[in-house]
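Please look through the structure below with an eye to how its helices are placed and which side chains they turn inward or outward.

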Amino acid sequence: VGSERLVRILEEARAGRGKKSDAALVEEVSEAMMQGSICGLGQAAPLPITLALRHFKDEVMAHFDGVCPAGVCRKPGRSG
C-alpha cells in the first residue's frame, strides 16, 4: 500500500500537479514503510526516493512546484 501511494504522489509531481504538502507526505510514508514494514522489501522500497531527497533535494522539490530542472519529465499523454 505504501509503495503504491508513493508512486501516485511522485507521478503527480512528475506531471506538474504536485504540491509542497505532497513532498512532506513522501517523507512520512517512506519513514513509515522503513520503520513499520515486517518485510525487507517493504523496508527497502522507499530507499530510492529517500536517497534522491537526501542527495538531490532541490531538484526533487522543484517537481512539487511543477518544474523539472533537467527538462526531461514528460507530461502524461505527450510522446517524445
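In this predicted model, the face of α1 that is turned away from its buried side carries the exposed residues Glu4 and Val7. The buried residues of this helix are Gly2, Leu6, Ile9 and Ala13, and because they fall within an arc of 70° when α1 is seen down its axis, they line one face of the helix. These buried residues of α1 pack against α2 and α5. As for its length, α1 has 13 residues and reaches 18 Å from its first C-alpha to its last, which is close to the 18 Å expected at 1.5 Å a residue. After α1 comes glycine 16, with a positive phi near 85°.

From this helix one can move on to the interior. In soluble globular proteins, nonpolar side chains tend to be buried together. Here the largest nonpolar core has 13 residues, of which Leu6, Val26, Ile49, Leu53, Val60, Met61 and Phe64 touch the most other members. At least two residues of this core are supplied by each of α1 (2-14), α2, α4 (47-55) and α5 (57-63), and α2 provides the largest share, with four residues. Leu6, listed among the buried residues of α1, is thus also one of the core members with the most contacts to other members. Methionine 61, another of those members, touches Lys20, Ala23 and Leu53, when residues up to four places away in sequence are not counted.

Two further sites can be followed from here, and one of them is a loop. Serine 37 has its place in the loop between α2 (20-36) and α3 (40-44), where its side chain reaches the backbone oxygen of cysteine 39 at 3.0 Å. Beyond the residues up to four places away in sequence, serine 37 touches Ala32, Gly42 and Gln43.

The other site is cysteine 73, which is found in the segment after α5. Is this residue buried, exposed or partly exposed? Its relative accessibility is 28%, and since buried means under 20% and exposed over 50%, cysteine 73 counts as partly exposed. Once its neighbours within four places in sequence are left aside, cysteine 73 is in contact with Arg14, His63 and Cys68. The C-alpha atoms of cysteine 73 and alanine 13 are separated by 9.8 Å, although these two residues are 60 residues apart along the chain; alanine 13 brings the reader back to α1, as one of its buried residues.

Note on methods:
Residues are numbered from 1 along each chain as its sequence is written. This is a predicted model: local features need pLDDT of at least 70, side-chain atom pairs count only at pLDDT 80 or more; totals for chains, interfaces and linings use all residues. Side-chain values use heavy atoms; hydrogens and water are left out. A polar contact is a pair of N or O atoms within 3.5 Å; within protein, one must be able to donate a hydrogen and the other to accept it, and residues adjacent in sequence count only if both atoms are side-chain atoms. Contact means heavy atoms within 4.5 Å. A nonpolar core is a set of buried Ala, Val, Leu, Ile, Met, Phe, Trp, Tyr and Cys residues joined through side-chain atoms within 4.5 Å. Buried means under 20% relative accessible area, exposed over 50%, partly exposed in between (1.4 Å probe, protein chains only). The expected span of a helix is 1.5 Å times one less than its number of residues. The arc is that of the directions from the helix axis to the C-beta atoms.
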